[in-house]
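This briefing is intended for a reader at the bench who wishes to relate the sequence to the model. Selected topics are taken in turn.

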Amino acid sequence: MSLMNINRFFIFLILLIIFSPSYAAGTEAVSMAQSHVKEAKSLIQKGLFDNAIDELERAIKLYPDFAEAYFLLGNVYFKRSELELARNSYLSALKIDPFNGDIYYNLGETYFKLGKSKDAIELYSRAIQLDENDGFLYNSLARAYESIDDKDRALENYRKAVKYEPGVALFRDNLGSLLFALDRPKEASLEFERAINIDPNNDIYYDHLGIAYSASGEAIKAIEAHKGAINLNSGVADYYNNLGIAYFASGKPELAIEQFEKALSIEKTSLILYNMGRAYYALGRFKEALEVLEIATLPDEPSWEDYLNLGISLHQ
């Protein structure tokens, strides 16, 4: 058979496949599946998850190898906290498309929420192999390492997260929080300051900064930071409590009591009461200190005498 005849033969075969009823039916099924996925995306944006699931299941029935349909189905189940169904959907997507970093990442998030941090670590690592410059992946990997108390690897990956995404305030805050947990408050302060520079309207970052300043012995700076948190959100008892601690550390127990009272007006906790007892004791108001510390006692906590003894030792 000549080369020309061979070419004609292959062209004939291709045309035969294209115009065969089964091929036409297959392409029509794929097209209909894509339409269902498009509709599902619109429904997801509207929060109509039940309807979106119906559309995605129709798409999968028409085109069983549709990885995107499985992926979106996993996303919907994840949003609804149906984590086992989300996991199964992501696993199905991964079988079809094993080189998709988004699937590895979302499956990792699912395992993390299921409390399976080691599985999540493996999946985040696979996602990073496919995209080594994504700071969000490193942040999630660090969080998973932190959850199993592997602080060294957590620190390494939080640093990579801020390296690749230096403008994400949350990553700075996460890094700062870990540094603080590692008893490195000055380094933590720098990260909290950077977080605030990026997002100056986040009260949590100011509160974290104030706590780090207090741990570094910088009470005046701590006071200003906690005031910043309260200015942004005046409804959090811990912010007033932390401001009171900073005032107490700066030698102003009267101002500390004012803040503890504001904290208690929002939420009454043993910790706030204990701090107020310390402030009363520092002012020589022993009767009030005893009354407050007695209230602070809970069945599973030390007695008020233990609190007072601790307060005395701290004050000395």
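Which residue follows H4 with a positive phi? The residue is Ser81, and its phi is near 60°. The model discussed here is predicted. The points below take up helix H4, the aromatic contacts and the salt bridges.

**Helix H4**

- Helix H4 covers residues 67-79, a run of 13 residues.
- From its first C-alpha to its last, H4 reaches 19 Å, which is close to the 18 Å expected at 1.5 Å a residue.
- Of the 13 residues of H4, 10 are buried, so the helix is largely enclosed by the rest of the structure.
- The buried positions of H4 include the aromatic residues Tyr70, Phe71 and Tyr77.
- Also buried in H4 are Ala67, Ala69, Leu72, Leu73, Gly74, Asn75 and Val76.
- After H4 comes Ser81, the residue with the positive phi.

**Aromatic pairs and a charge over a ring**

- The count of aromatic pairs comes to six.
- One of these is the pair of Tyr138 and Tyr164, which is stacked, with 5.4 Å from centre to centre and 15° between the planes.
- Tyr138 belongs to helix H8 (residues 135-147) and Tyr164 to helix H9 (residues 151-164), so their pairing ties together parts that lie 26 residues apart in sequence.
- The two partners differ in accessibility: Tyr138 is buried, with a relative accessible area of 7%, whereas Tyr164 is partly exposed at 28%.
- Tyr281 and Phe286 form a tilted pair, because their planes stand at 55°; the ring centres are 5.1 Å apart.
- Within that tilted pair, Phe286 is partly exposed, with a relative accessibility of 46%.
- A contact of another kind involves Arg143, whose charged end sits over the ring of Phe112 at 4.1 Å from the ring centre.

**Salt bridges**

- The structure contains 16 salt bridges.
- Asp150 is bridged to Arg153, and the closest N and O atoms of this pair are 3.8 Å apart.
- Both partners of that bridge are partly exposed: Asp150 has a relative accessibility of 22%, and Arg153 has one of 44%.
- Glu187 forms a salt bridge with Arg184, with 2.8 Å between the closest N and O atoms.
- Glu187 is partly exposed, at a relative accessible area of 33%, and Arg184 is likewise partly exposed, at 29%.
- A further salt bridge joins Glu224 to Lys227, where the closest N and O atoms lie 4.0 Å apart.
- Glu224 and Lys227 both belong to helix H13 (residues 219-232) and are three residues apart, about one turn of the helix.
- Glu224 counts as partly exposed, with 48% relative accessibility, and Lys227 is also partly exposed, with a relative accessible area of 33%.
- Asp50, Arg80 and Glu82 are joined into one network by salt bridges that share partners.

Conventions
Residues are numbered from 1 along each chain as its sequence is written. This is a predicted model: local features need pLDDT of at least 70, side-chain atom pairs count only at pLDDT 80 or more; totals for chains, interfaces and linings use all residues. Side-chain values use heavy atoms; hydrogens and water are left out. Helices (H or I, at least four residues) and strands (E, at least two) are DSSP runs, numbered from the N terminus. The expected span of a helix is 1.5 Å times one less than its number of residues. Buried means under 20% relative accessible area, exposed over 50%, partly exposed in between (1.4 Å probe, protein chains only). Rings of Phe, Tyr and Trp (its six-membered ring) pair if their centres lie within 6.5 Å; planes under 30 degrees apart count as stacked, over 60 as edge-to-face and the rest as tilted. A charge sits over a ring if NZ of Lys or CZ of Arg is within 6 Å of the ring centre and within 35 degrees of the ring normal. A salt bridge is a side-chain nitrogen of Lys or Arg within 4 Å of a carboxyl oxygen of Asp or Glu.
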